[in-house]
Amino acid sequence: MSDISEIKSLLLKHDQAHILRFWDRLSDNEREELCQDVRETNIPEVCSYFKRASDSMTDSQEKLDDRLKPIPSHLYGAVSRTPSELLATYEHEGLLQISEGRVGVLLMAGGQGTRLGSSNPKGMYDVGLPSHKSLYQIQAERIRRLTRLAKEKTGKEGRITWIIMTSEHTMEPTLNFFQKHKYFGLDKNDVILFEQGLLPCFTFDGKIILDKQHKISRAPDGNGGLYRALRDRKILDEIENRGIQYLHAHSVDNILVKVADPVFIGYCVKKGADCAAKVVQKSSPTEALGVVCNVDGKYQVVEYSEITLKTAEMRNNDGSLTFRAGNICNHFFTADFLKKIANKHERELKLHVAKKKIPYVDCDGNLCIPEKPNGIKMEKFVFDVFPFSSNLVVWEVNREDEFSALKNADSAGKDCPSTARNDIYSLHERFIREAGGDFSCNETIVCEISPLVSYAGEGLEKVVGGQVFKSPLHLKSDDENCFTNGNSH
């Protein structure tokens, strides 16, 4: 048993002695579990977090309009404004880095599919494509295809290490899912799973909440918990040992994501960036996407609520929004930058506060479910490292090519399985037509191309050129049993 007197002293010093209020009722196992909870919770640090979070809640939420500047053009590249020859140069650079084994992928996959109506981790979700592939499988197969492309271009067999951040609740089912599906054809040694951290939940007056008599209530620390978890779980050491220099970080719920996008990586490497954001143009001034911009000389993501409508509606001479760089949780980092953040700046990251209805144990030890918010959960966001970058760049991509979020059930009508499916169908239909294929009907076309056949539309000419297809069309690789579920001519 831990030295309870030390724990009592620590909790008393930080006004958290209530954590032990049920001590006399607990079994030896429960006492040890509670002591372990306290040991794992850096009480001085999390109490300082609460103070910072509390101060930020009471600060007047001033608008940032007068302090705001757009990203300067020399740091703001875009697919639509870049000549094809230069895009090819960026792509070749990215494929070269992949062939040398210098590229890793950081996948943020801590979320559950609750809003989708699923109890599984979101990465396991099947949106209803003809293949019925999960998000994990689609992304794994994009990685497999990309390593083949890199070998074709360079002659060298590289590998992409896939580093997946899960949460306490998604770790075990995610690992079981990968094992069941034999890592979707990837080398299991190149797939690394780790858990993000947790932070205690607090009452509004600064008391850590108990959700059992012997258990502290804790919640995931947000996707910005990535940096601390990379350090504490020794993933940064693994990155260094493998010789990985560049990492593509993104969330699991974008079905169109170009995993380890060689164009994006090549652009960042050529620009000497230590940190980058891939963005899409905001569809309207009021779209609920934060924008990457300059505030007081530092780059950050500014939420729509932090600026006035007048500023959100500002436009350039060409009619585009002045503040248009919509953040889509899609980033590039050098390994050195990640180390700098984890070892030097992680404690400085901004804390974002959400007022929540948090189940709690009352004075009599009964579990209570509140009817209104009774406390706060604290999170860090992955993009809050931007101010610590010495050379941040932005890369704008076309939304219809690369961004379709999966967050809601179909009843919401947006960012849902139906929109995700339709966005895949539209993109893949365009790939077919651009490769010289056609369809015999004009109604809505169901078209899916396996990532093992094509990563981004390349190599399809010899497969579909001059052919006319009926819907539904499902192109598969040779090892996926032929290439179509529909009919072709």
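"Buried" here means under 20% relative accessible area, and the model in these views is predicted.

**View 1. Strand 11, tucked inside.** Take the stretch of residues 246–251: six of the six residues in strand 11 are buried, so the rest of the structure largely encloses this strand.

**View 2. The two faces of strand 11.** In a regular strand, side chains alternate between the two faces of the sheet. Here, Tyr 246, His 248 and His 250 sit on one side, with Leu 247, Ala 249 and Ser 251 on the other. Both faces are covered, and each of those residues is buried.

**View 3. Strand 11 and its parallel partner.** Strand 3, made of residues 103–108, runs parallel to strand 11, and six bridges hook the two up. Look for Leu 106, which stands opposite Ala 249 of strand 11.

**View 4. Strand 11 and its antiparallel partner.** Strand 15 (residues 325–334) runs antiparallel to strand 11, with five bridges joining them. Find His 248 and you can hop across to its bridge partner in strand 15, Phe 332.

**View 5. Zooming back out to the chain.** Strand 11 belongs to a chain with 14 helices and 24 strands. A compact globule of 489 residues would have a radius of gyration near 23 Å, and the chain comes in at 24 Å, which agrees. Of the 489 residues, 54% are buried. As for contacts with a separation of 6 or more, 74% are between residues 24 or more positions apart. On the outside, the accessible surface is about 22200 Å², and carbon and sulfur atoms account for 46% of that.

Methods:
Residues numbered from 1 in each chain as written. Predicted model: local features only at pLDDT ≥ 70, side-chain atom pairs only at ≥ 80, totals over all residues. Heavy atoms only, no water. Buried < 20%, exposed > 50% of the residue type's maximum accessible area, 1.4 Å probe, protein only. Helix = DSSP H or I, 4+ residues; strand = E, 2+ residues; numbered from the N terminus. Pairing = 2+ DSSP bridges. Rg over C-alpha atoms; globule rule 2.2 N^0.38 Å. Contact = heavy atoms within 4.5 Å. Areas by Shrake-Rupley, 256 points an atom, 1.4 Å probe, with all protein chains shown as cover.
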